[in-house]
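User: Hi! Could you walk me through this structure? I'd like to start with something small and work outwards.

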Amino acid sequence: MRYISLGSGSRGNATLVEYKGQHILVDCGFSRKVFVQRMMAANVDPVSLRAVFVTHEHGDHAKGVVKVCESLDIPFYTSFGTAKRMGWLHHPLWQCISADQVTHVSGLNIRAVVVPHDAHEPLQFVIHNDVGHKLGILSDLGSLTPYVIDAYQGCHALQVEANHDPDMLRNGPYPPSLVTRVAGDFGHLSNGQCADFIQRVRWPGLRLVTAGHISEKNNDRNLVSQVLAKVLECEPHQVDMLVQDEISPWYQITDF
Ligand SMILES: [Zn+2]
Ligand SMILES: [Zn+2]
């Protein structure tokens, strides 16, 4: 199993997971045109895509979902709340998933995890294949619940949100109401919360950690790498961080 970010941040998110030559996508917060461009950059033919799993209705996650799925005639999976909010309840390609449900697509098992975020029924996903390799994708949550910590135990790879530095957020360009929302329990994870999460799910099998959804206005990549290097016990330059406008490298999950 391997995965690649097609871009990550408040202007669009999509993560492609490959297993045995087939692909699923988590979120499509880009236009269909940009999605196709990024797929080409990743050297993946869009026709190998089998399904899209959507975390929630915010545009940076849901923008391109319907157009991409309609063009490929593939299903998209969301919670009832997300579909209701997006007007997707009667869309023929929509599939409903609920908390803790595990969906099986192309040899992958995709578990839906409920997270605290200011959306209508937001989910995040833990994906494991039939040989037990486990990838956790986690963004857009304001706080760490015991349920979330439990759901992400035993991951071999993590793509986790390090959204903001609390001081930069407070002193940055956002109006007070937005600062309160982002920093709140239903907003986004700060760098410190991200480190706390990693600390709580760490185990010897966790070999790949990538920080994503990094705010361009309220964070500094040097701060992210410094904070995460401590918990990952590595040098700051070794901390892997996703970017908004480019694909990441491919990350391979194997038996190490
Ligand atoms: Zn987001
Ligand atoms: Zn969101």
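**A chat about the fold and the metal site**

Analyst: Happy to! Let's begin with one residue pair: Thr103 has Ile110 in E8 as its bridge partner. Keep in mind that this is a predicted model.

User: How do E7 and strand E8 pair, and over how many bridges?

Analyst: E7 and E8 (residues 108–114) are antiparallel, with 4 bridges between them. They make a hairpin with 2 residues between the strands, and Ser106 in the turn has a positive phi of about 50°.

User: Which side chains along strand E7 are buried?

Analyst: Thr103 and Val105, which point to one face of E7 (residues 102–105). Val102 and His104 point to the other face and are not buried.

User: OK, switching to the metals. What are the protein donors of the zinc ion (ligand 1)?

Analyst: Asp60 (OD), His61 (NE2), Asp140 (OD) and His213 (NE2), at 2.1 to 2.2 Å from the ion. Along the sequence, their spacing reads D-H-x78-D-x72-H.

User: And why is the arrangement around the zinc ion (ligand 1) called what it is?

Analyst: It counts as irregular because the 4 donor atoms subtend angles of 91 to 161° at the zinc ion (ligand 1). For four donors to be tetrahedral, all angles would have to lie between 85 and 135 degrees.

User: Which residue bridges the zinc ion (ligand 1) and the zinc ion (ligand 2)?

Analyst: That's Asp140, and the two zinc ions lie 3.6 Å apart. As for the other donors, Asp60 is in helix H2 (residues 59–62) and His213 is in the loop between E12 and H9, so this pair ties together parts that are 153 residues apart in sequence.

User: Is Asp60 buried or exposed? And what about His213?

Analyst: Asp60 counts as buried, at 11% relative accessibility. His213 is buried too, with a relative accessible area of 3%.

User: Let's zoom out. In what order do the 7 strands of the open sheet come?

Analyst: The order is E6-E5-E4-E3-E2-E1-E14, with mixed pairing. Strand E6 (94–96) and strand E14 (251–252) stand at the edges with a single partner strand each, so one side of each has no neighbour in the sheet.

User: How many bridges join strand E2 to strand E3?

Analyst: There are 5, joining E2 (residues 14–19) to E3 (residues 22–26), and the two strands run antiparallel. Within that pair, Glu18 is opposite His23 in E3.

User: What does helix H1 touch when it packs on the sheet?

Analyst: Helix H1 (residues 32–41) touches strand E1 (2–7), E2, E3 and strand E4 (49–53), and its direction makes about 135° with that of E1. Helix H3 (residues 65–72) lies across E4 and strand E5 (76–78), at about 155° to E4.

User: Last topic, the inside. Which residues touch the most other members of the largest nonpolar core?

Analyst: Leu138, Val148, Tyr152, Val160, Phe197, Ile198 and Leu228, out of 29 residues in that core. Helix H8 (191–201) is one of the elements giving two or more residues to it, and H8 gives the most, with 5 residues. A second, separate core has 25 residues, including Phe35, Leu49, Val52 and Trp94.

User: What is Val160 in contact with, beyond its neighbours within four places in sequence?

Analyst: Its contacts include Leu138, Leu189, Cys194, Phe197 and Ile198, and also Val209, Thr210, Ala211 and Gly212.

User: And His156, where does it lie?

Analyst: His156 is in the loop between H5 and E11, and it is buried, with a relative accessible area of 14%. Among its contacts outside the neighbouring four places in sequence are His133, Trp203, Arg207 and Ile253.

Definitions and conventions:
Residues are numbered from 1 along each chain as its sequence is written. Chains are lettered from A and ligands numbered from 1 in the order in which they are written. This is a predicted model: local features need pLDDT of at least 70, side-chain atom pairs count only at pLDDT 80 or more; totals for chains, interfaces and linings use all residues. Side-chain values use heavy atoms; hydrogens and water are left out. A nonpolar core is a set of buried Ala, Val, Leu, Ile, Met, Phe, Trp, Tyr and Cys residues joined through side-chain atoms within 4.5 Å. Buried means under 20% relative accessible area, exposed over 50%, partly exposed in between (1.4 Å probe, protein chains only). Contact means heavy atoms within 4.5 Å. Donors are N, O and S atoms within 2.8 Å of the metal (3.2 Å for Na, K and Ca); water is not among the atoms, so sites may look incomplete. Four donors count as tetrahedral if all angles lie between 85 and 135 degrees; four count as square planar and six as octahedral if opposite donors are over 155 degrees apart and all others between 65 and 115; anything else is irregular. Two strands pair if DSSP finds at least two bridges between them. Axes are lines fitted to C-alpha atoms, for helices over the stretch in contact, and angles run from 0 to 180 degrees between N-to-C directions.
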